[in-house]
Each structure stands twice: as structure tokens, then as C-alpha cells.
Amino acid sequence: SSGINAEWPLRPGIKEMLFASLNDPDHPNVRFSAIRATCAFLTGLEEAEAKLHFSEFVKPMLKGVEDCVIAEDDDGPLKSFVELAEKMPKFLRPGVDQLIEFALRVIANTNFADNWRQLVLELVITICESAPAMIRKKKKVPTATLR
């Protein structure tokens, strides 16, 4: 392929808009909507293309998902993230340590509602099933949290 601009001239503008929305510090609902939109957009790409052109999205998406879980308000962003993890788990590699550590803290914290803890567990299981080699290669797995 000849690059992101040649394939679809609007993609850079969409990328810029999504990235700005994912990083909006003043409007959590904009960030949560941006997670859903970004997940939908990325799942329409090949995983290699997503990794090449959108890897900088992983950290703000993960931060937004964490904020969404902590707020326990709208589970849509988390459900979208689970879908993304199923379709392109290797795209999430740059944030997988942070994601698993956060997920295990949520799962272990009985102050979170069961449905949130179960959805976060589904995210971890999805990543483990979709990219087992990526998880096996991790140097440290916080097993103490699993006890």
C-alpha cells in the first residue's frame, strides 16, 4: 500500500479528530464516545495497518476505558474495547501491561459492581484467548492479585 493518505484522503482528518477527542480532558463523555468511535473505526482496518498508523491511540483509549470503569456510568466504551481486543489484540500490545494490572485491580475490588468486574474480566480473558503468545511473553504477570 502507498500509505494512509493515498488509500483514503479523509483518514488523516478522522485520525486527528478521534485523537483530539480521546484526549479531551474536560469532557469525559466526549472521550467515552471517542473510544466507541475509534474502536469501530479501527476494527474496519487490518491489524497491521492499525498498528502502523494508530499505535499512539492505545494509551489514551486505555485511560478513557479506565475512567469509564471508575465512573461505572456507561459500559459502552468497555464493551467496544472488548470487541477491539477480540479482533486485533496485538494492536493493544503497547498498553497490555497497564490494561492487565488495572483489570486485575478492578476484578479484586468488591466495591465495583459485579457487572463491571465481569466485563473487565471478559476483557482480560479475551486478550488471553486472542493473543496467548503475547501474554506468555510478558516478563511479569501480577499473580498475587489473582489469589
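Leu92 is buried in this predicted model, at a relative accessible area of 2%. The residue belongs to the loop that joins α6 to α7. Leaving aside neighbours within four places in sequence, Leu92 contacts Val58, Phe81, Leu84, Ala85 and Ile127. One of these partners, Phe81, is eleven residues from Leu92 in sequence. The C-alpha atoms of Leu92 and Phe81 are 9.7 Å apart.

The chain is helical in its assigned elements. Nine helices and zero strands are found. From the N terminus on, the order of elements is therefore written α-α-α-α-α-α-α-α-α. The chain has 147 residues, and 41% of them count as buried. Contacts between residues at least 6 apart in sequence were also examined; 69% of them join residues at least 24 apart. The accessible surface of the chain comes to about 8,100 Å². Carbon and sulfur atoms account for 53% of that surface.

Helix α7 covers residues 96-108. With 13 residues at 1.5 Å a residue, α7 should span 18 Å. The end C-alpha atoms of α7 are 18 Å apart, so the expected span and the model agree. Seven positions deserve listing by name: Val96, Leu99, Ile100, Phe102, Ala103, Leu104 and Val106 of α7 are buried. The cover over the buried residues of α7 includes α5 (58-71) and α6 (76-87). It also includes α8 (114-130) and α9 (132-136).

Helix α3 takes part in two of the helix pairings described here, with α2 and with α5. Helix α2 (residues 11-22) and α3 pack at an angle of about 145 degrees. Their axes are 8 Å apart. The crossing of α2 past α3 is left-handed. From α2, the contact draws on Arg11, Ile14, Leu18, Ser21 and Leu22. From α3, the contributors are Val30, Arg31, Ala34, Ile35, Ala37, Thr38 and Phe41.

The second pairing joins α3 (residues 28-43) to α5. The two axes come within 9 Å and cross at roughly 130 degrees. That angle makes α3 oblique to α5. Here too, α3 passes α5 in a left-handed crossing. On the α3 side, Arg31, Phe32, Ile35, Thr38, Cys39 and Leu42 meet residues of α5. On the α5 side, the residues met are Met61, Lys63, Gly64, Val65, Asp67 and Cys68. Arg31, Ile35 and Thr38 of α3 thus appear in the contact with α2 and in the contact with α5.

Ser80 lies in helix α6. Its relative accessibility is 15%, and Ser80 therefore counts as buried, the cut-off being under 20%. Residues up to four places away in sequence aside, Ser80 touches Arg36 and Cys39. Cys39 is also among the α3 residues that meet α5.

Glu72 sits in the loop between α5 and α6. Its phi is near 50 degrees, a positive value in a residue other than glycine. Most residues other than glycine have a negative phi. Glu72 is partly exposed, with a relative accessible area of 30%. The loop residue Leu92, by contrast, is buried at 2%.

Note on methods:
Residues numbered from 1 in each chain as written. Predicted model: local features only at pLDDT ≥ 70, side-chain atom pairs only at ≥ 80, totals over all residues. Heavy atoms only, no water. Helix = DSSP H or I, 4+ residues; strand = E, 2+ residues; numbered from the N terminus. Expected span 1.5 Å × (residues − 1). Buried < 20%, exposed > 50% of the residue type's maximum accessible area, 1.4 Å probe, protein only. Contact = heavy atoms within 4.5 Å. Areas by Shrake-Rupley, 256 points an atom, 1.4 Å probe, with all protein chains shown as cover. Axes fitted to C-alpha atoms, helices over the stretch in contact; angles between N-to-C directions. Parallel < 35°, antiparallel > 145°, perpendicular 65-115°, else oblique. Left-handed = near helix turned anticlockwise from the far one by under 90°.
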